[in-house]
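Visitor: I have a structure open and would like to learn how to read it. Could you walk me through some of its features?

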Amino acid sequence: MTKWIAAALAVVIAIGAFVYLQPNEAASGEIRIETSLAETGSIRRSVAASGAVRALVTVEVGSQLSGQISELFVDFNDDVEAGQIIAQLDPQTFETRVREAEASYATAIASLQLQRASYNRVVATTRTARLEYERTEALHQRGNASQAALDNASASLDAAEAELGVAEAQIANAQAVVRQREATLAGARIDLERTSIRSPISGIVVDRAVDQGQTVAASLSSPTLFTIAQDLSQVQIDAQIDEADIGQIVTGQPVSFTVDAFPDLELNGVVEQIRLAPVTLQNVVTYTVVVSADNPRQRLLPGMTANMDIVTGERSDVLTVSNAALRFRPSDALAAISDAAPEGGAGPGRRGGPGGGARGGAGGRMLDQLDLTDDQRDRAGQVFRSAFQQAQASGTMDRGAIQEQIASGLSDILTPEQMRAYRDLMRAAAQTRAATVWVETSEGRLEERRVRVGISDTQRAEIAGGNLQAGEAVVTRAREVRG
């Protein structure tokens, strides 16, 4: 055992001596700088999503009645027209109900006629009683009829008029019964008509859920018999977009997508609707974005999964750099060959910053694109300076409030066309962000450049402003190479 321990110690000592005596490779290593050229090109920013293809209008055809399917007139994939009979329930029960309702209606009509005849008889009786009363009253006035005879004639007239009122009420009741029986007959005929199940729209049958001879029960809810898609030459895709990306989506944006059935075929669509109702699943909030697309050869079938790229921004012929250049920061080892002062910064002799007046700063550069007259430029410069001076005096540099104050002041200076152009420039500026890139000069030094970054894709980003030119070598990586 002692020998083994001694041998192990000897090996450890030997390894330590070997490492100690090796030259320091880190000290002899060099820093290799990797660059990528700033180039003019195109950038397309997109949001990836997936969703199911479905028809623009899909109707589930059901039955409002219970009964047995006696005939089926359509099958899967059949074209149908609106109003076409697609299935037939056994109509015998409903035909019997119609005949019963017709008999009840005829009985009510006969009863009404009987009541009207009775009414006519009572009218005649009342007329006779009234004439009898009038003659008796005239004789009583001349003293040729007794008071008892007059009282009897009056009582007979009252009884006849009462019977007339009863007859009128019976006619009204008989008329109401006729209307009731008529409504019952109409309902029975409607039910009989509903035994013929018709297509509510023109389209194609995509699903059939019943067979001939099957009994359907519609006591609690309408059972689905067929599913009809209105027009498969137009389809829509319901995509779920994460809440982090939904802010980039607006209606009208172009969409490219593929389906697994045709992986090499790229199809196009457009964002039709952004639904406001959130969908929360396992604490993940998404929103439904509806994409419409043409399907001229009807190759897209309902239910297919579409893998989409929603184009949220696209730029052509713009200056671009590698995304790695935006992430690069020089290490301490590179400090000796880098310039500390940024290029294009606001020096003592420059009027930099957004409030730099009409001829300097971000505000001045923006106004340069509006083709202003000298008077407009001077007045606009005063608006910019006044807005920033007031913000500095109040101690609250609220960017949104400053922009609104400037826009309000410029509205009295710029023409409507210039004002629209200014607002477009402001929206474009709001979509950019400040960033820093490092450029390797011909002398081998690193220069810091402040830029404005626009949209980006998975590889490159748009340079929307700043002191960077196409063809310059932008640093993407610095690594140590050991000798």
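**Two helices, some salt bridges and a sheet**

Guide: Let's start with one residue: Tyr105 sits in helix α3. Keep in mind that this is a predicted model.

Visitor: Is Tyr105 buried, exposed or partly exposed, and what is the relative accessibility?

Guide: Tyr105 has a relative accessibility of 25%, so it counts as partly exposed. It also helps to look at what comes together in the fold: Tyr105 and Leu185 are 80 residues apart in sequence, yet their C-alpha atoms are 7.2 Å apart in space.

Visitor: Back to the helix. At what angle do the axes of α3 and α4 cross?

Guide: Roughly 165 degrees, and the axes come within 7 Å. Angles over 145 degrees count as roughly antiparallel, and α3 and α4 are therefore roughly antiparallel to each other. As for handedness, α3 passes α4 in a left-handed crossing. Sorted by class, the residues in the contact of α3 with α4 are 26 nonpolar, 13 polar and 14 charged.

Visitor: Now the charged side chains. How many salt bridges are there in the whole structure?

Guide: The general idea is that side chains of opposite charge can pair when their charged atoms come close. Searching the whole structure turns up 15 salt bridges. One of them pairs Glu161 with Arg130, with 3.1 Å between the closest N and O atoms. Glu161 belongs to helix α4 (residues 147–194) and Arg130 to helix α3 (residues 92–142), so this pair ties together parts 31 residues apart in sequence.

Visitor: How accessible are Glu161 and Arg130?

Guide: Glu161 is partly exposed at 35% relative accessibility. Arg130 is partly exposed too, at 34%.

Visitor: Which parts of the chain does the salt bridge between Arg315 and Glu462 link?

Guide: The side chains of Arg315 and Glu462 meet at 3.6 Å, N to O. This pair links distant parts of the chain, with Arg315 in strand β15 (residues 305–322) and Glu462 in strand β18 (residues 460–466), 147 residues apart. For burial, the cut-off to use is under 20% relative accessible area. Glu462 has 8% relative accessibility, so it counts as buried, while Arg315, at 26%, counts as partly exposed.

Visitor: Which residues do salt bridges with shared partners join into one network?

Guide: Asp75, Arg208 and Asp211. Within that group, Asp211 forms a salt bridge with Arg208, and their closest N and O atoms are 2.7 Å apart. Arg208 counts as buried at 18% relative accessibility, whereas Asp211 is partly exposed, with a relative accessible area of 44%.

Visitor: Let's finish with strands. In what order do the four strands of the open sheet run?

Guide: First the general idea: strands of a sheet pair through backbone hydrogen bonds, either parallel or antiparallel. Here the order is β3-β10-β8-β5, and the pairing is antiparallel.

Visitor: Why is one side of β3 and of β5 left without a neighbour in the sheet?

Guide: Because β3 (58–62) and β5 (79–80) stand at the edges, and each has a single partner strand. For β5, look at strand β8 (residues 203–208): two bridges join these antiparallel strands.

Visitor: Which residue in β8 is the bridge partner of Val80?

Guide: That's Gly203. Try finding this pair on your screen, then follow the sheet across in the order β3-β10-β8-β5.

Definitions and conventions. Residues are numbered from 1 along each chain as its sequence is written. This is a predicted model: local features need pLDDT of at least 70, side-chain atom pairs count only at pLDDT 80 or more; totals for chains, interfaces and linings use all residues. Side-chain values use heavy atoms; hydrogens and water are left out. A salt bridge is a side-chain nitrogen of Lys or Arg within 4 Å of a carboxyl oxygen of Asp or Glu. Buried means under 20% relative accessible area, exposed over 50%, partly exposed in between (1.4 Å probe, protein chains only). Two strands pair if DSSP finds at least two bridges between them. Axes are lines fitted to C-alpha atoms, for helices over the stretch in contact, and angles run from 0 to 180 degrees between N-to-C directions. Angles under 35 degrees count as roughly parallel, over 145 as roughly antiparallel, 65 to 115 as roughly perpendicular and the rest as oblique. A crossing is left-handed if the near helix is turned anticlockwise from the far one by less than a right angle, and right-handed if clockwise. Ala, Val, Leu, Ile, Met, Phe, Trp, Tyr, Cys and Pro count as nonpolar, Asp, Glu, Lys and Arg as charged, and the others, Gly among them, as polar.
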